[in-house]
Amino acid sequence: ATVFAYGQTGAGKTYTMIGAPSAPGIMVLTLQDLFQSSRATSKSSGVKYKVTVSFLEVYNENIRDLLSDVEEYLDLRED
């Protein structure tokens, strides 16, 4: 699945995605549900899950991996 947050600076994209401790955002709620559901399924059926995520920022045609320790932009390739 992909979630794409687009809008002006200050429009509330980060708040919508992450939220606050008292009002979690979409990303927090989704991950909580995902892990709760996979834990329950794993206990009942023995199935194991591997969850992989990536967080990218696209700004002024530059792409950054927000989980990387390296603060470089990623290469943009066009087909």
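Right after helix 2 comes G46, and its phi is positive, near 80 degrees. Keep in mind that this is a predicted model.

Now look back along helix 2 itself. It covers residues 26-45, which is 20 residues. How far should helix 2 span at 1.5 Å a residue? It should span 28 Å. The C-alpha atoms at its two ends are 28 Å apart, so the expected span and the model agree.

Next, the loop. V47 sits in the loop between helix 2 and strand 3. Is V47 buried or exposed? Neither: its relative accessible area is 38%, so V47 counts as partly exposed, because that class lies between the 20% and 50% cut-offs. V47 also belongs to a nonpolar patch on the surface. The other members are L34, F35, Y49, V51, V53 and L67. Together, the patch residues have about 590 Å² of accessible area.

On to the strands. Strand 3 is residues 56-59, and strand 4 is residues 62-65. They pair in the antiparallel sense, over four bridges. Find E57, then look across: R64 in strand 4 stands opposite. What do strands 3 and 4 form? They form a hairpin, with two residues between them. One residue to check in that turn is N60, which has a positive phi of about 50 degrees.

Strand 4 has another partner to look at. Strand 5, residues 73-74, runs antiparallel to strand 4, and two bridges join them. Which residue in strand 5 is the bridge partner of I63? That is L74.

So, to trace it on screen: start at G46, after helix 2. Go to V47 in the loop. Then follow the hairpin of strands 3 and 4, and finish at strand 5.

Conventions: Residues are numbered from 1 along each chain as its sequence is written. This is a predicted model: local features need pLDDT of at least 70, side-chain atom pairs count only at pLDDT 80 or more; totals for chains, interfaces and linings use all residues. Side-chain values use heavy atoms; hydrogens and water are left out. Two strands pair if DSSP finds at least two bridges between them. The expected span of a helix is 1.5 Å times one less than its number of residues. Patches are made of residues with over 30% relative accessible area and no salt bridge: like charges are joined within 9 Å, nonpolar side chains (Val, Leu, Ile, Met, Phe, Trp, Tyr) within 5 Å. Accessible areas come from the Shrake-Rupley method with a 1.4 Å probe; for residues, only the protein chains shown count as cover. A salt bridge is a side-chain nitrogen of Lys or Arg within 4 Å of a carboxyl oxygen of Asp or Glu. Buried means under 20% relative accessible area, exposed over 50%, partly exposed in between (1.4 Å probe, protein chains only).
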